[in-house]
Amino acid sequence: MISLECDINKVFVPENKMEIKSLVSMIASNLDYQTALDSPKIFHLKTTIGKEMTTKLICAVLVSFCDSIKATRTMDAIDTIECAELLQQKYSHDSIKDIMLALRNAKMKGMTFYNAIDVSVIMGICEQYFEDKAKYLESRHNETKNKSGFIRDETTTLLVGFEVAMEKKQKANDEAKRVAAEKRQIELLKIQNQILGNES
C-alpha cells in the first residue's frame with residue numbers, strides 16, 4: 001500500500017499531472033456507451049495487468065478529473081486510492097472507460113461540485129451514470145426487439161400474400177382444366193352423334 005501511495009503521489013506532481021490529464025482528455029473525447037461496453041472489463045484487467053496497475057490507471061483518471069474541476073477541496077493520494085478500490089469492487093464488470101465517460105458526462109451536464117470533490121461525490125457520479133447506461137441499454141434492446149418484430153410481421157405478410165397468390169393460381173389452373181375437360185366432352189358427344197347419324 002505504501003509503494004502504491006508513493007506511485008500515486010507522483011501523479012500529483014504538476015508536470016506529471018498535465019501529461020496524464022492530456023492523455024485522459026484525448027481518450028475521453030471520443031467515448032460513448034458503445035465504446036465503453038466494448039472495452040475490457042475491470043475484473044479482466046486485474047487478471048491481465050494486475051490489481052495494482054488497474055488501481056493506478058483508475059487513480060490517474062480520478063486525478064485528471066479532480067484537477068480539471070479546479071475545486072479547492074479535493075482528494076489526496078489516500079482518498080484517490082480508496083475511491084479507485086471502491087470503484088473496482090462495485091463496478092468490476094464494467095470498464096475504466098465507463099468511469100471516464102461518467103466523469104466526462106458529469107462535467108458536460110454542468111454538475112455543481114460546490115468547490116469540493118471527495119469519494120462520495122465520485123461514487124454518486126458513477127451511480128447516476130450507470131443508471132443512465134441501464135436505461136440506454138433497455139431502450140436499445142426494445143428498439144432491436146421492435147425492429148425484429150416489424151421484420152417478422154413484414155415476412156408474415158409476404159408469406160401470406162404468396163400463399164394467396166398461389167391459391168389463386170391453383171384455382172385458375174383447376175378452372176382451366178375443368179373447361180378443357182368440358183370442351184373435350186362436348187367434342188366427343190358431337191363425334192358420337194355424327195357416327196350415329198351416319199349409321200342411320
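Q: What share of the 200 residues of the chain count as buried?
A: The share is 30%. A residue counts as buried under 20% relative accessible area, as exposed over 50%, and as partly exposed in between (1.4 Å probe, protein chains only). The model is predicted, so local features need pLDDT of at least 70 and side-chain atom pairs count only at pLDDT 80 or more, while totals for chains, interfaces and linings use all residues. Residues are numbered from 1 along each chain as its sequence is written, and side-chain values use heavy atoms, with hydrogens and water left out.

Q: What makes the pattern of the chain α-α-α-α-α-α-α-α?
A: The chain has eight helices and zero strands. Helices are DSSP runs of H or I with at least four residues, strands are runs of E with at least two, and both are numbered from the N terminus.

Q: Why is the pair of Tyr 33 and Tyr 136 called stacked?
A: The structure holds four aromatic pairs. In the pair of Tyr 33 and Tyr 136, the centres are 4.7 Å apart and the planes differ by 25 degrees. Rings of Phe, Tyr and Trp (its six-membered ring) pair if their centres lie within 6.5 Å; planes under 30 degrees apart count as stacked, over 60 as edge-to-face and the rest as tilted. Both values meet the limits, so the pair is stacked.

Q: What parts of the chain does this pair tie together?
A: Tyr 33 lies in helix H3 (residues 33-38) and Tyr 136 in helix H8 (residues 119-199), so the pair ties together parts that are 103 residues apart in sequence.

Q: Why is Tyr 33 called buried, and why is Tyr 136 called partly exposed?
A: Tyr 33 has a relative accessible area of 19%, which is under the limit for buried. Tyr 136 is at 28%, which falls in the range for partly exposed.

Q: Why is the pair of Tyr 129 and Phe 130 called edge-to-face?
A: The angle between the planes is 80 degrees and the centres are 4.9 Å apart. That angle is over the edge-to-face limit, so the name applies. Tyr 129 is buried at 3% relative accessible area, and Phe 130 is buried at 13%. Ring pairs link both of these with Tyr 33, Tyr 91 and Tyr 136 into a cluster.

Q: How do you know that Ala 102 is buried?
A: Ala 102, found in helix H7 (residues 96-108), has a relative accessible area of 2%, which is under the limit for buried.

Q: Which residues does Ala 102 touch?
A: Not counting residues up to four places away in sequence, Ala 102 touches Ile 125, Cys 126 and Tyr 129. A contact means heavy atoms within 4.5 Å. The C-alpha atoms of Ala 102 and Cys 126 are separated by 5.6 Å, although these residues are 24 apart along the chain.

Q: What makes the length of H5 close to the expected span?
A: H5 has 19 residues and reaches 27 Å from its first C-alpha to its last. The expected span is 1.5 Å times one less than the number of residues, and for H5 this gives 27 Å. After H5 comes Lys 70, with a positive phi near 60 degrees.

Q: Why is Glu 82 called partly exposed?
A: Glu 82, in helix H6 (residues 77-90), has a relative accessibility of 40%, which lies between the limits for buried and exposed.
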